[in-house]
Amino acid sequence: MRQAAITGSRVFAQANRACAVAKVTPAAHSSTRVFRPKAPATHTFSRAFRPAVVAAAAAPQLKDIDHSDIASKVKRQLLINGKFVDAIGGETFGTEDPRTGEIYTQVAEAQEADVDAAVKAARMAFDHGPWPRMTGRERGAILYKFADLMEQNTHELAILESLDNGKPLSASKGGDVPLSVEHIRYYAGWADKIHGSIVPVGPASGPMMATVYKEPLGVVGQIIPWNFPILMAAWKLGPALAAGNCVVMKVAEQTPLSALRVGELALEAGLPAGVLNVVPGSGEVAGAAVAKHAGIDKVAFTGSTEVGKLIMKQAADRIKPVTLELGGKSPCIICPDADIDTAVEGAHDALFFNMGQCCTAGSRTFVHEDIYDEFVKKAVQRAQNRKVGDPFDDDTEQGPQVSKEQFDKILDMCKQGEEQGAKLECGGKRLGDKGYYIEPTVFSNVQDDNIIATDEIFGPVQSILKWKTVEEVTAPVRFFNMLQSMLRPKAAVSFQVEAGRGSDCCCLSYAKIVAVNRLQLQAVFTVHA
């Protein structure tokens, strides 16, 4: 039996023994964005954390600090059954600094045997341990302490996040870590509010009442991406732990350090041994082992569409429920009566935020033909003025891409975009001679069947397409743009003077988050149950 209990904008879904894995995530998924004309710059997405970012920027300049020293203090082993241990076979992998491309530390690499050990620990903790048998208030108290410890260590966690991922420290310290803390706190408050219900049944069987109990699902496998490592961990850990589940979390090999430190803080907060197990490793080995393990009751995955399909196949052999949060190819629609400067800034932020490595990136910018040339000119100027540099510089807007693999993919797609007829207005090349920095890139004259319009680039590349009529730009075949792709729009943005026309230009029935005249996604929530 499956039912849902709704409170405000959050939904807890459960199946028989599964109250537990409902995950309401501050929107980073299906979304549609719309901006008001002449809206203040503080309304744009990359500046949504302005107060916190200002505070972060006030910190001492950090670019000359030996960040590898901070990383060396983090336990770089596997967290299994409450202890940090080496991989059974002694395997390790090198973690790169994307600023230089150099390996700065080694981390234990989980193999199938290590995942099996983690699952057994989680299984024992769930089947025989105290966590699912605690009262909700007791679990909530531990989660509140967990959130407090994360908050107290914000500076360290932010440095680890920027060191691994390459994102500006101002974003890590002003956005990613505080939002992660608030997410854990939110679900700490839910822990003692997960109630059953009494449902009248009949009348054929007479006056009868059915009692519905909400119980934790069991052992949950969670596979975390590299673009928002600590935030994605919080999104998955918060609801699963609050409901009494035990977790085996596979973190990306590109960005393992913040999750390992979070695991250490969870133990310090009082999380019993085996409730949270953290296993860094490759998707092909550790991720596959999590997806197909018989001891895992559900898998939650955030990552690419291609890998998501593999996860589904691996979990299907055991008819295991799966939650997938995959790639997107979202439109940003600029109407002819929009304020050009506001629209340029909003569309810029919608695409270039987090070095373009965002599943809700407004990666297809649709501009009305009447204002197309002016918009392109100003979009190019804005991209050329974007500050690219060391993520530990206070004024950096864009750091390096996360890895060489991602760096190469982006540059290859830029090359293919040109070959298919799109006009490269600026960028499209490496910046500097070391690390994974890419020039902010703008393409015009992009057609619907161009690879940079159909495929998720996941990089700082803005594709500007032209439209003439509302019917044309909102037609399902163009809105989804699924010619060679399985990608759906996660976010749609419309810039226009008359906000009442937002429903015309944003295809509300297709995108799951819609914004009109602004990018303020932190106020919108989407459900992953």
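How many of the 529 residues in the protein chain are buried, as a percentage? Buried residues make up 60% of the chain. Please keep in mind as you read that this is a predicted model.

## The chain as a whole

The protein chain contains 17 helices and 23 strands. Sequence neighbours tell only part of the story here: of the contacts between residues at least 6 apart in sequence, 75% join residues at least 24 apart.

## The nonpolar cores

The largest nonpolar core has 105 residues, and the ones with the most contacts inside it are Phe146, Met150, Met249 and Phe375. Helix 7, which covers residues 229–242, gives the most to this core, with 10 residues. Apart from this core lies another one, of 20 residues, with Cys335, Ile410, Tyr436 and Ile457 among them.

If you would like a place to start in the viewer, try Phe375. Leaving aside residues up to four places away in sequence, Phe375 touches Ile334, Ala343, Val344, Ala347, Thr365, Val367, Gln462 and Ile464.

## Three pairs of packed helices

Two packed helices are described by the angle between their axes and the distance between the axes. Here are three pairs from this model.

| Helix pair | Angle between axes | Distance between axes |
|---|---|---|
| Helix 11 (residues 340–352) and helix 12 (residues 372–384) | about 55° | 10 Å |
| Helix 9 (residues 283–292) and helix 10 | about 45° | 7 Å |
| Helix 4 (residues 136–152) and helix 7 | about 165° | 10 Å |

Let us take helix 4 and helix 7 to begin with. Their axes make an angle of about 165°, so helix 4 is roughly antiparallel to helix 7, the cut-off for that label being over 145 degrees. The crossing of these two helices is right-handed. Arg139, Leu143 and Met150 of helix 4 make the contact with Ile230, Leu241 and Ala242 of helix 7. By type, the residues of this contact divide into 5 nonpolar, no polar and 1 charged. Met150 will look familiar, as one of the residues with the most contacts inside the largest core.

How do helix 11 and helix 12 lie, and which residues bring them together? With an angle of about 55° between their axes, helix 11 and helix 12 are therefore oblique to each other. Helix 11 passes helix 12 in a right-handed crossing. On the helix 11 side, the contact uses Ile340, Asp341, Ala343, Val344, Glu345, Ala347, His348 and Phe352. Facing them from helix 12 are Glu374, Phe375, Lys378, Ala379, Arg382 and Ala383. The residues of this contact divide into 8 nonpolar, 1 polar and 5 charged. Phe375 thus turns up again, since its partners include Ala343, Val344 and Ala347.

Helix 9 and helix 10 have axes at about 45°, and are therefore oblique to each other as well. Ala288, Ala291 and Lys292 in helix 9 meet Ile311, Gln314 and Ala315 in helix 10. That contact divides into 4 nonpolar residues, 1 polar and 1 charged.

## Two residues to compare: Glu306 and Leu276

Is Glu306 buried or exposed? Glu306 is found in helix 10, residues 305–316. Its relative accessible area is 55%, so it counts as exposed, the cut-off being over 50%. Glu306 and Leu326 are 20 residues apart in sequence, with 8.6 Å between their C-alpha atoms.

Leu276 has its place in strand 13, residues 276–278. At 3% relative accessibility, Leu276 counts as buried, because the limit is under 20%. Leaving aside residues up to four places away in sequence, Leu276 touches Leu79, Leu237, Val247, Gly263, Ala266 and Leu271. Leu276 and Val220 are 56 residues apart along the chain, and 9.8 Å separates their C-alpha atoms.

## Two residues with positive phi

Asn81 is not a glycine, but its phi is positive, near 55°. Asn81 is found in the loop between strand 5 (78–80) and strand 6 (83–85), and at 40% relative accessibility it counts as partly exposed.

Met355, also not a glycine, has a positive phi of about 60°. The loop that holds Met355 runs between helix 11 and strand 17 (364–368). At 0% relative accessibility, Met355 counts as buried.

Definitions and conventions
Residues are numbered from 1 along each chain as its sequence is written. This is a predicted model: local features need pLDDT of at least 70, side-chain atom pairs count only at pLDDT 80 or more; totals for chains, interfaces and linings use all residues. Side-chain values use heavy atoms; hydrogens and water are left out. A nonpolar core is a set of buried Ala, Val, Leu, Ile, Met, Phe, Trp, Tyr and Cys residues joined through side-chain atoms within 4.5 Å. Buried means under 20% relative accessible area, exposed over 50%, partly exposed in between (1.4 Å probe, protein chains only). Helices (H or I, at least four residues) and strands (E, at least two) are DSSP runs, numbered from the N terminus. Contact means heavy atoms within 4.5 Å. Axes are lines fitted to C-alpha atoms, for helices over the stretch in contact, and angles run from 0 to 180 degrees between N-to-C directions. Angles under 35 degrees count as roughly parallel, over 145 as roughly antiparallel, 65 to 115 as roughly perpendicular and the rest as oblique. A crossing is left-handed if the near helix is turned anticlockwise from the far one by less than a right angle, and right-handed if clockwise. Ala, Val, Leu, Ile, Met, Phe, Trp, Tyr, Cys and Pro count as nonpolar, Asp, Glu, Lys and Arg as charged, and the others, Gly among them, as polar.
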